[in-house]
Amino acid sequence: MKIERDFHMTNDGDDEFSYAKNSMMQRKAILAAKPTVKEAISKVCTDLHPQSMVIVDLGCSFGANTLLFVSDAITTIGENPNNTIGERPKEIQFFLNDLPGNDFNNIFQSLEQGLQPPPHYVVGLPGSFYTRLFPCNSVHLFHSSMSLMWLSQITNHIGLPENLDGIMNEANIHIGLTTPPLVTKLYQNQFKKDFSRFLQMRCKEIVPGGRMVLTMLGRNSTDVFSAGGTTMAFELLSQGLQTLVAEDCVEKEKLDSFNLPLYCPSVDELKELVWQNELLDITDIRLFEINGNPNGGSDQSAEDAAAAPVIIHGAAAAEAAGKTISTSLRAVKEPLIASHFGESILDKLFAVFARYFTNCIESEVEKSPLAE
C-alpha cells in the first residue's frame with residue numbers, strides 16, 4: 001500500500017458513494033470546531049495585523065466542507081474591526097492542501113466567484129503535510145480537520161518492521177482486542193513519529209504568533225482499544241472481511257496483511273508530543289463527541305453537532321442508519337480497500353458491513369431502558 005498514491009476520498013461527485021455526498025460527519029467536526037477557528041483568526045488579526053494573511057487548510061479534501069471553511073474564514077476576517085490597514089483592505093491567500101490524488105478540480109469548479117470581500121485568492125497545493133510545504137515564517141494560520149490521524153505509512157506489506165516478520169495482526173484491520181502488543185506499539189510509534197514530524201515542519205513555516213487549529217479523531221480513554229464508534233466501525237468492517245474470507249471471496253493472507261493506516265490518539269498523547277516539540281504552546285485543547293447520525297442536522301450549532309443524541313426507533317430506522325454509515329465509511333476507505341483487495345469485493349463488503357451495523361444498533365436499542 002502506497003499512501004500518497006492510494007489514499008484519497010472517493011472522487012466521483014455523481015456516485016452514490018462519493019465523498020461529496022457522504023461527508024456529513026466531517027462537516028459536523030468542522031461546525032464543532034468553528035468557534036475555535038473564529039477565535040484563532042481573530043487573534044491573528046488583532047495581534048499581528050497582517051496586510052496579507054496566509055491561511056492553509058491541510059488535508060482539505062473537496063466538496064462543500066472545504067468551501068465551508070473558506071467561507072467561514074472570509075466572513076470572520078470581514079467582520080473583524082482590524083480588517084483594514086490604513087485605507088487598504090486586508091487580503092487573504094488560501095492554500096488548500098491534500099495528497100495528489102485529491103479532486104482539486106472539484107474544488108475550483110465549485111468556488112463561487114461572488115464571495116464577499118475582503119479580497120481573497122485560493123490556490124491548490126498537492127503534497128503530503130508530513131513534508132515541508134511553505135517557506136519559513138510565511139503562514140499565519142494552519143487548519144486541519146479529520147486528517148492528522150492518518151499515518152504516513154504502515155511499514156511493509158504485512159504492516160510490521162522486518163525484525164517482527166511473522167507477527168501478524170491476524171483477522172484485524174486496525175487495533176482490535178486480539179491485536180498483538182507489538183502491532184499496537186507499531187501504530188503508536190508511527191503516530192508519534194508522524195505527528196512530531198508534522199509539528200517540526202509547521203514550526204518552521206508558521207510566523208511568530210501564528211495559530212494552528214487541528215481537529216482529529218481521538219479517544220477519551222487511555223485504553224488504546226477504546227476509541228468509541230471508530231473502534232466499533234473497524235471491528236465490524238473486520239468481521240465483514242472475515243465473512244468474505246469464509247465465503248472464499250477474499251484470501252485470508254490478504255486480510256491478515258491489511259492494516260488501516262490510522263491512529264486515534266488520546267488528549268494526553270497529543271499534549272505530550274506538543275510539549276516535547278518545545279516550540280509551540282497549547283492555548284486550548286478539548287474533546288467533543290460528534291452526533292453519530294450522519295444525516296442529522298446539516299448545519300447545527302457547534303454544541304448541537306457535538307452533543308445531540310442519536311435516537312433510533314424501529315427496524316426500518318436501524319436499517320437506514322446502517323446503510324448511511326456504510327456509505328459514509330465507503331466514501332473514505334474505498335480507495336485503500338480497493339488497492340489491496342480489488343474493486344470486485346466493494347459492493348458485497350459494504351453491504352455486509354451495513355447489515356452488521358444494523359444488527360449492532362438493534363441490539364443496543366433492545367438493551368436500552370427506553371426500549372422497555
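Which residue in β6 does Asp57 stand opposite? Keep that in mind while you get set up. You're looking at a predicted model, where local features need pLDDT of at least 70, side-chain atom pairs count only at pLDDT 80 or more, and totals for chains, interfaces and linings use all residues. Residues are numbered from 1 along each chain as its sequence is written, and side-chain values use heavy atoms, with hydrogens and water left out.

**Whole chain.** Show everything as a cartoon: there are 11 helices and 7 strands. Both are DSSP runs numbered from the N terminus, with helices being H or I of at least four residues and strands E of at least two. Of the 372 residues, 51% are buried, meaning under 20% relative accessible area with a 1.4 Å probe, protein chains only.

**Strand β1.** Select residues 52-58, where 6 of the 7 residues are buried. Now add β4 (residues 91-98), which runs parallel to β1 and is joined to it by 7 bridges; strands count as paired if DSSP finds at least two bridges between them. Click Val56 and you'll find its β4 bridge partner, Phe95.

**Strand β6.** Next, pick residues 139-145, which pair with β1 in the parallel sense over 4 bridges. Here's the opening answer: Asp57 stands opposite His143. Ile55 has Leu141 as its bridge partner in β6. All of β6 is tucked away, with 7 of its 7 residues buried. Add β7 (residues 206-215) and you get another parallel pairing with β6, this one over 6 bridges, with Val139 opposite Ile206.

**The core.** Go back to Ile55 and add Phe195 and Ile337: these touch the most other members of the largest nonpolar core, which has 91 residues. Such a core is a set of buried Ala, Val, Leu, Ile, Met, Phe, Trp, Tyr and Cys residues joined through side-chain atoms within 4.5 Å. Helix α10 (residues 315-341) supplies the largest share of this core, 10 residues. Zoom in on Phe195 and look for its contacts (heavy atoms within 4.5 Å), among them Tyr130, Leu148, Leu214 and Met216.

**Two helices.** Finally, select α2 (residues 24-48) and α3 (residues 64-79), which pack at about 30 degrees with their axes 10 Å apart. The axes are lines fitted to C-alpha atoms over the stretch in contact, and angles run from 0 to 180 degrees between N-to-C directions. The pair is therefore roughly parallel, a label for angles under 35 degrees. Show side chains for the contact, including Ile30 and Leu31 of α2 and Leu68 and Phe69 of α3.

Conventions
Buried < 20%, exposed > 50% of the residue type's maximum accessible area, 1.4 Å probe, protein only. Parallel < 35°, antiparallel > 145°, perpendicular 65-115°, else oblique. Lists of a residue's contacts leave out its neighbours within four places in sequence.
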